[in-house]
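Colleague: I should like to go through the packing of this model with you, one question at a time. Please show the sequence and the structure before we begin.

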Amino acid sequence: STQSTGEDPEMGRVIDCYERALVFLHKMPRIWMDYCQFVVDLNYVTKARHTLDRALRSLPITQHGRIWPIYLEFIKKHNIKEQALRVYRRYLQLAPDDAEILIDFLISVDHLDEAALLLTKCL
């Protein structure tokens, strides 16, 4: 049960329902999207990160485009520099044309050398 993590008991019950649904429906992107957005909106940072990662592991790569917008929104909302860097790099493996997102992030966290290298690869 989720109640040992300090979550609101009502929210814990909702999370438990999502988890039970995913036992059989783990390949259904709509459930993952709703669940991921739910934990992101609750600001359960660790739970959200784990849930987003599980969604990406469970869904076929053709469905990852449905999860990434939620993940990128989550990363922007929380200032976790090293985690954000890993997430953006991982995202670029799926969407290399979106390199400017990572370049902007690298500049914002003062990783200028890496930003410049990535920018030269784009040109």
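Colleague: In this predicted model, which residues is Trp32 in contact with, leaving aside its neighbours within four places in sequence?

Modeller: The model is a predicted one. With neighbours within four places in sequence left aside, the contacts of Trp32 include Leu22, His26 and Ile67. The others are Thr51, Arg54, Ala55, Ser58 and Leu59.

Colleague: Is Ser58, one of those contacts of Trp32, buried or exposed?

Modeller: Ser58 is found in helix 3. Residues up to four places away not being counted, Ser58 touches His26, Lys27 and Trp32. Its relative accessible area is 18%, and the limit for burial is under 20%. Ser58 therefore counts as buried.

Colleague: How many residues does the largest nonpolar core have, and which helix gives the most to this core?

Modeller: The largest nonpolar core has 39 residues, and those with the most contacts inside it are Trp32, Leu52, Ile67, Tyr71 and Leu102. Two or more residues come from each of helix 1 (9–25), helix 2 (29–41), helix 3, helix 4, helix 5 (81–94), helix 6 (99–108) and helix 7 (112–122). The helix that gives the most, with eight residues, is helix 2.

Colleague: How are helix 3 and helix 4 oriented to each other?

Modeller: Two packed helices are described by the angle and the distance between their axes. For helix 3 (residues 45–58) and helix 4 (residues 64–77), the axes come within 10 Å and cross at roughly 160°. The crossing is left-handed. Angles over 145 degrees count as roughly antiparallel, and helix 3 and helix 4 are therefore roughly antiparallel.

Colleague: Which residues of helix 4 does helix 3 meet, and how do the residues of this contact divide into nonpolar, polar and charged?

Modeller: From helix 3, the contact draws on Val45, Ala48, Arg49, Leu52, Asp53, Ala55 and Leu56. On the side of helix 4 they meet His64, Ile67, Trp68, Ile70, Tyr71 and Phe74. The residues of this contact divide into 10 nonpolar, one polar and two charged.

Colleague: What is the relative accessibility of Asp53, and which residues is Asp53 in contact with, its neighbours within four places in sequence left aside?

Modeller: Asp53 is found in helix 3. Its relative accessibility is 12%, so Asp53 counts as buried. Leaving aside neighbours within four places in sequence, the contacts of Asp53 are Tyr71 and Arg90.

Colleague: How many Å apart in space are Asp53 and Leu117, C-alpha to C-alpha?

Modeller: In sequence, Asp53 and Leu117 are 64 residues apart. In space, their C-alpha to C-alpha separation is 27 Å.

Notes:
Residues numbered from 1 in each chain as written. Predicted model: local features only at pLDDT ≥ 70, side-chain atom pairs only at ≥ 80, totals over all residues. Heavy atoms only, no water. Axes fitted to C-alpha atoms, helices over the stretch in contact; angles between N-to-C directions. Helix = DSSP H or I, 4+ residues; strand = E, 2+ residues; numbered from the N terminus. Parallel < 35°, antiparallel > 145°, perpendicular 65-115°, else oblique. Left-handed = near helix turned anticlockwise from the far one by under 90°. Contact = heavy atoms within 4.5 Å. Nonpolar A, V, L, I, M, F, W, Y, C, P; charged D, E, K, R; others polar. Buried < 20%, exposed > 50% of the residue type's maximum accessible area, 1.4 Å probe, protein only. Core = buried A, V, L, I, M, F, W, Y, C linked by side-chain atoms within 4.5 Å.
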